[in-house]
Amino acid sequence: MGNSLDANLLLAVPLAPLAGSAIAGLLGTKFLGNVVGRKVSHSATILGVLIALIISVQTLMAVMDGASFNGDIYTWMTVAGLKMTVGFQIDALSAMMMCVVTFVSLCVHVYTIGYMAEDEGYNRFFSYISLFTFSMLMLVMSNNFLQLFFGWEAVGLVSYLLIGFWYTRPTAIFANMKAFLVNRVGDFGFILGIGLLLAFAGSMNYQDVFAQREHLATLTVPGIGWPLLTAACICLFIGAMGKSAQFPLHVWLPDSMEGPTPISALIHAATMVTAGIFMVSRMSPLFELSDTALSFVIVIGAITALFMGFLGIIQNDIKRVVAYSTLSQLGYMTVALGASAYNVAVFHLMTHAFFKALLFLGAGSVIIGMHHDQDMRNMGGLRKYMPITWITSLIGSLALIATPFFSGFYSKDSIIEAVAASEIPGSGFAYFAVMAGVFVTAFYSFRMYFLVFHGKEQWNEKHHHVSHGHDSDAHNEEEDHEGEHHHGLHPGDKPHESPWVVTLPLVLLAIPSVIIGYLTVQPMLFGDFFKGVIFVGENHKAMEELAHEFHGAAAMGMHAIQTVPFWLAVAGVAAAYYCYMVNRKVPELFYNALRPIHTLLDNKYYMDKFNEVVFAGGARVLGGGLWKVGDRGLIDGLLVNGSAKLVGWFAAIVRTFQTGYIYHYAFVMIVGVLATLLYFFPFWHA
């Protein structure tokens, strides 16, 4: 491809999934009469994503050889000298993201053939996930804030559609509306940040804004005197807090598990929730000029990493354990951003995408084998019935807890070291949070593993566990839309391995979950892979410290057994083994001794209750006041009904003169003429 990439070939990357989405969504649904069947729908969407993956891999290889592209593809409009365009910036960061998005999406597309086989909305689901792939690709390939915002909002819209895919279920509607509203809060900050940069830089193109960063660093926000870049970067990060589910805007992600499992892997593990991490990394030239913004980022990430991990310990729904794990790992990535270790954050983004998608799809395979029962307390001993799901889930769990030589080890251990070397205010608390999170992650990960795949076969027990509330384990995902009133195995039934269209993606994702970290740690963190793409200020030394300590991937893995994080992870696994394989009374003892803490965790720190009372309640009070005073009193009462009454009153007075008698009319005319003369010719002033 030479030194410049082909724009037409790059354009095919997002357009191929869009074409597949159009075929499945228009021709494969009732919208145009369901012209094509299921086979054509899934074939078209899979082919589109496969084409995008092939071109993305070719693009990455070309970028590694020195090729690049930064240019406009289409000019939408020009207003007062401001160009609004569609364009691509293809470098190491965007090329890597393109490969991750398309590979995980392809695995999810194939997996969906088996998982959604009995669903009436089969074609519609394929259309949605392919449309999501298009939206995410437009986001990561953009070279300007306008296209970034388009992709940002588009992935939010498709996420809303997918979370509420089973729209006849009240819990799904509650969850997708919650996700939509919480993301609007973050997006309000995001658009404010874009607006500030546009107002002072006069352009929406990344490179134009970055070129003025030194000048922007000297400016303040009019009226309040805050440093401009600090305000803009914090606003941009608030957008990332919504998309990447950072505290306190994290509340939407666990409830999004109401959607089908494939979208949990595609959207809420590997792609959409990492959009915020990608965006901050892309904006590194701006964030590096504001230690205040970086401090804000690292503290928010630390809170998310630790406290969301605690919530994973008490979950019984298999998908919710993985969901809170995602929240915690997103916190780790955010901490790395705040420590100015952008390379490490993006590296963990990549490795996490593979093993977390693997864990979500593994959970979906377990759900299929258990006849759509998601409660781990009803499982146990699945290892011998579902061998492929078992071994791939074990690989995903080992990668998640940062087992040496697995992919998660290289990225997660690098985050901990980067935070230890950081001097950003708040890095001390962040270091404690990520270290404590190592034990917590290992504990809840292997608690899930042991409850599901080992121990006593609980599905034969007479009393199955049932939870309550909108996030009930009883409200399993296929129960309502398939019209089935029973979930879980029938008496005498046994779990079964999933079909090959489900297990093949598990194997494909398990491979990079093992080897990708070992192969890429040196070029991505300490080589020239991100040279000229990610910028780190001279006063931020975390990456220099990491480079000084790094002596190769093999040496890093061997050295791990001498480090504290490794033994914290071992302790977490050992504690989970003892509590759930050796002495099942220990968790009950802890529950009785720490019941107030369990109640706090079970209620998710009362964040939902706080939002319900303060924000939703406040909105109801404000809305009620506006309705009564504004709508009923001012608009209906004064403007509409009041004007009608005024006309009626005036008409009633005028009507008294309409008697039909000529002398009455003559009298009115005389009075009228006299009044006119008195008004226009005030002779008494003469």
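How many salt bridges does the structure hold? The structure holds 14 salt bridges, and before I go through a few of them I should say that what we are looking at is a predicted model.

Let me begin with a pair that joins two helices. Lys243 forms a salt bridge with Asp187, and the closest N and O atoms of the two are 3.7 Å apart. Since Lys243 lies in helix α9, residues 228-243, and Asp187 lies in helix α6, residues 170-201, the pair ties together parts that are 56 residues apart in sequence. Are these two residues buried or exposed? Lys243 has a relative accessibility of 0% and so counts as buried, and Asp187, at 5%, also counts as buried.

The next pair sits in loops. Lys384 forms a salt bridge with Glu457, with 3.3 Å between the closest N and O atoms. Lys384 is found in the loop between α16 (342-369) and α17 (387-400), while Glu457 is found in the loop between α19 (427-453) and α20 (500-526), so this pair ties together parts that are 73 residues apart in sequence. Here Lys384 is exposed, because its relative accessible area is 61%, whereas Glu457, with 21%, is partly exposed.

A third pair belongs to a group. Asp608 forms a salt bridge with Lys604, their closest N and O atoms being 3.1 Å apart, and Lys604 is buried, with a relative accessible area of 13%. If you look around this pair, you will find that Lys178, Asp255, Arg320, Lys604 and Asp608 are linked in a network of salt bridges.

Now I would like to turn to how helices pack. Two packed helices are described by the angle between their axes and by the distance between those axes. Helix α14, residues 291-313, packs with α19 at an angle of about 25 degrees, and their axes are 8 Å apart. Angles under 35 degrees count as roughly parallel, and therefore α14 and α19 are roughly parallel to each other. The crossing in which α14 passes α19 is left-handed. Which residues of α14 meet α19? Among them are Ile298, Val299, Ala302 and Ile303, and the residues they and their neighbours meet in α19 include Phe429, Phe432, Val440 and Tyr444. The residues of this contact of α14 with α19 divide into 15 nonpolar, 4 polar and 1 charged.

Helix α14 also has a contact with α9, the helix that holds Lys243. The axes of α9 and α14 come within 9 Å and cross at roughly 20 degrees, which makes α9 roughly parallel to α14. In this case α9 passes α14 in a right-handed crossing. Thr230, Cys233, Ile234, Phe237 and Met241 in α9 meet Thr292, Ala293, Phe296, Val297 and Ile300 in α14, and the residues of this contact divide into 8 nonpolar, 2 polar and no charged.

I will finish with one residue, Met376, which lies in the loop between α16 and α17. Met376 is buried, with a relative accessible area of 0%. Leaving aside residues up to four places away in sequence, Met376 touches Gln315, Asn316, Ile318, Val321, Arg447, Met448, Leu451 and Val452. For Met376 and Val452, which are 76 residues apart along the chain, the C-alpha atoms are separated by 5.9 Å. One of the residues touched by Met376 is Arg447, and Arg447 in α19 also takes part in the contact with α14.

Note on methods
Residues are numbered from 1 along each chain as its sequence is written. This is a predicted model: local features need pLDDT of at least 70, side-chain atom pairs count only at pLDDT 80 or more; totals for chains, interfaces and linings use all residues. Side-chain values use heavy atoms; hydrogens and water are left out. A salt bridge is a side-chain nitrogen of Lys or Arg within 4 Å of a carboxyl oxygen of Asp or Glu. Helices (H or I, at least four residues) and strands (E, at least two) are DSSP runs, numbered from the N terminus. Buried means under 20% relative accessible area, exposed over 50%, partly exposed in between (1.4 Å probe, protein chains only). Axes are lines fitted to C-alpha atoms, for helices over the stretch in contact, and angles run from 0 to 180 degrees between N-to-C directions. Angles under 35 degrees count as roughly parallel, over 145 as roughly antiparallel, 65 to 115 as roughly perpendicular and the rest as oblique. A crossing is left-handed if the near helix is turned anticlockwise from the far one by less than a right angle, and right-handed if clockwise. Contact means heavy atoms within 4.5 Å. Ala, Val, Leu, Ile, Met, Phe, Trp, Tyr, Cys and Pro count as nonpolar, Asp, Glu, Lys and Arg as charged, and the others, Gly among them, as polar.
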